[in-house]
Amino acid sequence: MSKSGASGPKARARKAQQAAGVRYTQVRRAALPSRNGRTVQFLLEDRYELSTLAVQIAAAWALQGMRVLLVHEYKPSGIGMELYSRRARERKAAEQRLQEWPGYRSTLLWKAGIGRDQGGLLVEQHTPWSTPPADPKYLTTDDSPLRDALQLGRRHFDCIVLMGRPTWPHRELVDHFVVLAATNGAPVAETLTHGAMPEDRREHPLTPEQSAALLRERHLNFLHHRPTAFLGMISGSRQLPAAEPKPGFIHAVEANMAATGIPLLGHVHVGHHDLATHARRTDQAALVVASPLDPGVAQAAKTITNRW
């Protein structure tokens, strides 16, 4: 097809070039501005029950039209001597472990449309977070590979989720922190033991202030009081939230949590992903994206973006 009859982005850019009197490449750059994505880290202590929740929230953002990047730390499995074993079973097991860690890679997990900027996008990236030390006896302090990966990701994605190391907040690199608490909502009662026998256990009702204090004590203690500015907390459990003891109780708990700087952003009923999905390491994200989202994930994801 001749240039006069061409259609699509190039034809539109040429028309803009003729109208504005600028070069074609300048028109293309102006039409595709770089993004300024935000970096999010989910902090949690229970890595088993809620291990898929961060990926589910990222998938919900992609379904809502955002371009999302999951950044994992690449850790090579190392070359074991079993690769040279005389026993075929040991060699095959070592080769299998090596294949599960193929190296630095980026994987497209989900895409809404076929165009370059058509709808949401979810990409998983495995990249080094630090430079190996010159002397193996010492730990490295150079995190420039991770900084470069995040800087590049912000240019092309709306949100970058820092995966791994969920108990250590990277305050210098992350814009927002969200705590994932393994609990069935706000506690309404506390069971106290008054003796050695089971019948000596008694359930004591809590006030909203006590309930909020328990949430903070139980689900922030793993951070060892490191100063961190939280965007909020999301609770998740395989059980449904306890019934509200009296009208206004949950609202009072939410007000108390918000006043202390850790607002409650929602509750997720975890349960759609089986135990095998939680245990997978190499393709867990792909399995989670291919499954239905747990109840409450979409609303929690929207609540997080509303607070940005």
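1. A quick word on terms before we start: a helix here is a DSSP run of H or I with at least four residues, a strand is a run of E with at least two, and both are numbered from the N terminus. With that in hand, look just past H3: this helix is followed by Gly65, whose phi is positive, near 105 degrees. Do keep in mind that you're looking at a predicted model.

2. Now for the sheet. It is open, has eight strands with mixed pairing, and runs in the order S3-S4-S2-S5-S1-S6-S9-S10. Strand S3 (105-111) and strand S10 (264-269) sit at the edges with a single partner strand each, so one side of each has no neighbour in the sheet. On average, neighbouring strands are turned by 25 degrees against each other, direction ignored.

3. For one pairing inside this sheet, try S2 (residues 67-73) and S5 (residues 159-162). These two strands run parallel and are joined by four bridges. If you want one to find by eye, Val68 has Cys159 in S5 as its bridge partner.

4. Back to helix H3 (residues 53-63), which packs on the sheet. The strands that H3 touches are S1 (38-43), S2, S3, S4 (121-127), S5, S6 (176-182), S9 (230-237) and S10. The direction of H3 makes about 155 degrees with that of S2.

5. How many residues of H3 are buried? The count is 10 of its 11, so the helix is mostly covered, buried being under 20% relative accessible area. The buried residues are Leu53, Ala54, Val55, Gln56, Ile57, Ala58, Ala59, Ala60, Trp61 and Ala62.

6. H3 also has a helix partner. Its axis and that of H10 (residues 297-306) come within 9 Å and cross at roughly 75 degrees. H3 and H10 are therefore roughly perpendicular to each other. On the H3 side, the contact is made by Leu53, Gln56, Ile57, Ala60 and Trp61, and on the H10 side by Val297, Ala298, Ala301, Ile304 and Thr305. Sorted by class, this contact has eight nonpolar residues, two polar ones and no charged ones.

7. One last stop, away from H3: Thr207. You'll find this residue in the loop between strand S8 (201-205) and helix H6 (208-220). Is Thr207 buried, partly exposed or exposed? Its relative accessible area is 35%, and since partly exposed covers the range between under 20% and over 50%, Thr207 counts as partly exposed. Thr207 and Pro245 are 38 residues apart along the chain, and their C-alpha atoms are separated by 9.9 Å.

Technical notes:
Residues numbered from 1 in each chain as written. Predicted model: local features only at pLDDT ≥ 70, side-chain atom pairs only at ≥ 80, totals over all residues. Heavy atoms only, no water. Pairing = 2+ DSSP bridges. Axes fitted to C-alpha atoms, helices over the stretch in contact; angles between N-to-C directions. Contact = heavy atoms within 4.5 Å. Buried < 20%, exposed > 50% of the residue type's maximum accessible area, 1.4 Å probe, protein only. Parallel < 35°, antiparallel > 145°, perpendicular 65-115°, else oblique. Nonpolar A, V, L, I, M, F, W, Y, C, P; charged D, E, K, R; others polar.
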